[in-house]
Amino acid sequence: MRPTRTTVLLTAGLVTLLGVPAGAAAAAETPHFLYVSNLDGSNCSDAGVGTQAVPYCTISAAAKVVQPGQTVQIKPGKPYDESVTIDRSGEPGKPIALVTEGIDEAGLPAQMSLGNGALTVTGASHVVLRGLVTTGPVRVGGSKDVELDRINARNDDIVVGGASTDVRLTRSDVYGVRIEGGARGTLLGRNYFRGHTETALTVVDAPGTVVTNNTFPIYCVTAVSLSGASTGSAVFNNVIHPLQFTPCPAGSALSGIVVSESAAAGTRADSNLLVDGATSQLNAYNWAGTAYETAAAFQAATGQGAHDIVTPSAPGTLNGGDKSLAVDAGDPTAPGVLPTDNRGFGTADDPRVPNTGKGGGFIDRGARETQDDLRVSLQLEPVFAPAGTSVTAKPIVSSTWSSSPTFHYDFGDGTAPVVTKEYGAAHVYTSPGEYVVKVTAVNDFGRKASTEQKTKVTPAGPLTADFTATSVLPTSDSPTSRIAPLTVSVDTTSSATPWPLESTIVDFGDGSAGYRSLGSVQHAYARPGEYKVTVSLKDIKGAESKVTKTVKVDYAASGYVATAPFRLMDSRSHGYSPLRGGVPAAVHLPVGLSLHDHPMSGGMASVVLNVTVTNATQDAFLAVSPYAQERPTTSNLNVPAGGTVSNTVTVPVSALGKAWFTLNAGQADVIVDFVGYYQPNIGQKFSPINPARLADTRTEGGAVAGGQTRTVKVAGVAGIPADAKAVAVNLTSTDATSNSYVVAYPDPAKRPDVSNLNPEPGKAKSNQAIVPVGTDGTITLYNQWGSTHLIVDAVGYYGQDGKALFTPVVPQRLGDTRVTGKLGAGATTTVGGVPAGALGAVVNLTATESTGAGYLTAYGFGATRPDASSLNTLPGLTIPNHVTTPVGNGKISVFNGPWGGSTHVITDLLGYFTQG
């Protein structure tokens, strides 16, 4: 099957190719390396000397200084996007070399891109270029002893000319090649031509050109053309086949080997495979002006091509199949034969195919050598085990060729590899750790395949369950990345598991089903609190272990994302129905959705809504809370029968992305406008300020008429920075002439279909709004009907220099004067219970049983009371308002104005701000 003399002949071909005896090459001095790298962090400099620590940034810089015997190592990665000219020379046995460093993922020598840059060798000798890729031109002129190896030229012909001698183009992927201008002794070996629109290989006035073991896929053009004084050339072991198996267009033809009369003297051809694709359109030969359609006719007339094959075989039989005409059919003694193919694989004897090559040789025709499709995978038994346990590595081999591979087992702990033909090797690890087991299979034909797998060696001891629990927070505002609030990750990898686990069950302590896990598992809780989390383990040896820990689950501090407001739900619209007392209604929040051209984050933790209740059939209150949590004892809005009331609401998002709206009695319509949201790791921080008046139409500009707007400057005034992204303001309407609604928004040209405040005649009404700041630093106020005075008090802002992040809470009551006694006119009450360190708080402030029309002002305990209002009281009415206020020492003070009579004050905490 494998004559030993073939190897000798291949070596002889290699000596001819390289032009120097093997002994001389071995005796050459070890080359000194120059280094080139343009990768980020490479610390490169073209002003340096090209050391490994400080490489050149460009190839050209190294090419200008490289000396005989030096090799320029080029780091692959980013395209270099430069043209490179080699005009320096090496010496016999001491070439200058530019090579791409390393091995690629396929285990082949790496390649590196010049982008569109030209690659030029001019007036140089003893040069090696290897592993370069370009879409620009490649030119060799006036040069000697030049090796172009593994060159990928994608869009232009490689040209060798200028009377160059001994140029070798090998193992390359090329568009086309031209040998011209008196070039002598040019070799083309193991190249793959990518299909040219003209002649693939053109040789003109280039004597002694050798064309061996190349593959030419062509479409209705000429594969090889030798003309002019290209005498004494050789065309051996090539494969020529059509790219398309359809008739050629009129005026074109598929030609194989064309040798003009002037080039025929001393030119030889043999062992080529020419395929016409069953179309009978291939002009196989045109030799000295005469065309030949068959190998027999060609041989009879010229004495050449004794082993050529002209066939209509389909391209699938060219390489790799057991019926291929190219496999093991070449001439191993042909001039310029290389020991490795286009991919770097050695010559291999396919046992399925008779050796029909010259002298019984087994080299293939064409650029690529058929190889055994050897593959190996690995099983470890056990995958991990305590130190001292025997671990067996069992390879699983698949192979196209029948062979008995030899296995090299490396167990990764520094012990000597085990080399054997046995399908399995056992090893005992003495120390705990993680090791990489690598197995390499080598078949009878020299083909190698490797695989590796990690094994874990554990300390000996009992199975002991353990875990860590951490909060999982979103890091992106992508709509498709959903991480619900109150999500916890339980990681069991800290458990002591000497043997593989048979089962891992995590009970999160909230009544949900146990999770089976290996490593870590995430779970979103429905409500904050402390939970008993239990992890139960069982290993393959039957041992069991259990551990229980208390895990505290709470909301995370978040930044605010201001959005253009839009209407989320209106129960008066088709498809909805009014809310009924005592029946919670689930409202879907826009988590991870795109509504009205607003893409919404999948990681929002709490939302800010403007909620309006209207058409109430009786006095009632509305509570908004996270879906699936117990309804709190607090309320957000209080509405009288037949009235319309609005209030801003901040509510945490549930794991299912919903909120509950619960009316306590009667029936009412609810309108919900989306204002913005809070999310960990995203958005702007908040800075509370003591309430500051920004506008009051009673003293400037007059009332806002129906259908009209009023612009209010907010950025750069009252302590609000010029780059603020959103402002929190308290809006108050008074002296309204008609029932109406008011909208606060950033862009005066884009008024949203929402509302923030509902003025009524004879009533002063307030509501807090969080409004994005317009590009000119203003907000716009619009009144729909009648006329009304508007008062705007700033209570804080969101921006780049904000100080605090928001943490929502399950609504909790901080104070209720119905328990402690009414708050008289001009009096102040203080409530505590805000977490220590809070800079500000969001509360729902409610006034009830008021004896007169007045106002309440909330401010930080210990601070100077501001001249602004947080809520307007009216006799006989219960009035709530969403209030953002500074906090002092965990306390909030509430002042009752001097002329409004006495009132009860209820303060409910919705969340708080802490230093971010």
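Counting enclosed voids in this predicted model turns up four cavities of 30 Å³ or more. The largest cavity comes in at about 180 Å³. As for what surrounds it, 16 residues line the largest cavity, and Thr-644, Val-645, Lys-765, Thr-878 and Ile-879 are the ones that lie nearest its centre. Three elements each give two or more residues to that lining: strand 51 (645-652), strand 59 (765-772) and strand 67 (879-886). Chemically, the lining of the largest cavity is a mix, with eight nonpolar residues, five polar ones and three charged ones.

Zooming out to the whole fold, the protein chain holds 69 strands and just five helices. Its radius of gyration is 42 Å, whereas the globule rule gives 29 Å for 916 residues; the chain's value is well over that, so the chain is more spread out than a compact globule. The extents of the C-alpha trace along its principal axes are about 125 × 70 × 55 Å.

What share of the 916 residues is buried? Buried residues account for 54% of the protein chain. Turning to contacts, among those with a separation of 6 or more, 68% link residues 24 or more positions apart. On the outside, the protein chain has an accessible surface of about 36,200 Å², and carbon and sulfur atoms supply 51% of that area.

Methods. Residues numbered from 1 in each chain as written. Predicted model: local features only at pLDDT ≥ 70, side-chain atom pairs only at ≥ 80, totals over all residues. Heavy atoms only, no water. 1 Å grid on protein atoms, 1.4 Å probe; cavity = no way out; pocket = protein on both sides within 12 Å on 5 of 7 lines; lining within 4 Å. Points joined across faces, edges and corners; volume = space filled by probe spheres on them. Helix = DSSP H or I, 4+ residues; strand = E, 2+ residues; numbered from the N terminus. Nonpolar A, V, L, I, M, F, W, Y, C, P; charged D, E, K, R; others polar. Rg over C-alpha atoms; globule rule 2.2 N^0.38 Å. Buried < 20%, exposed > 50% of the residue type's maximum accessible area, 1.4 Å probe, protein only. Contact = heavy atoms within 4.5 Å. Areas by Shrake-Rupley, 256 points an atom, 1.4 Å probe, with all protein chains shown as cover.
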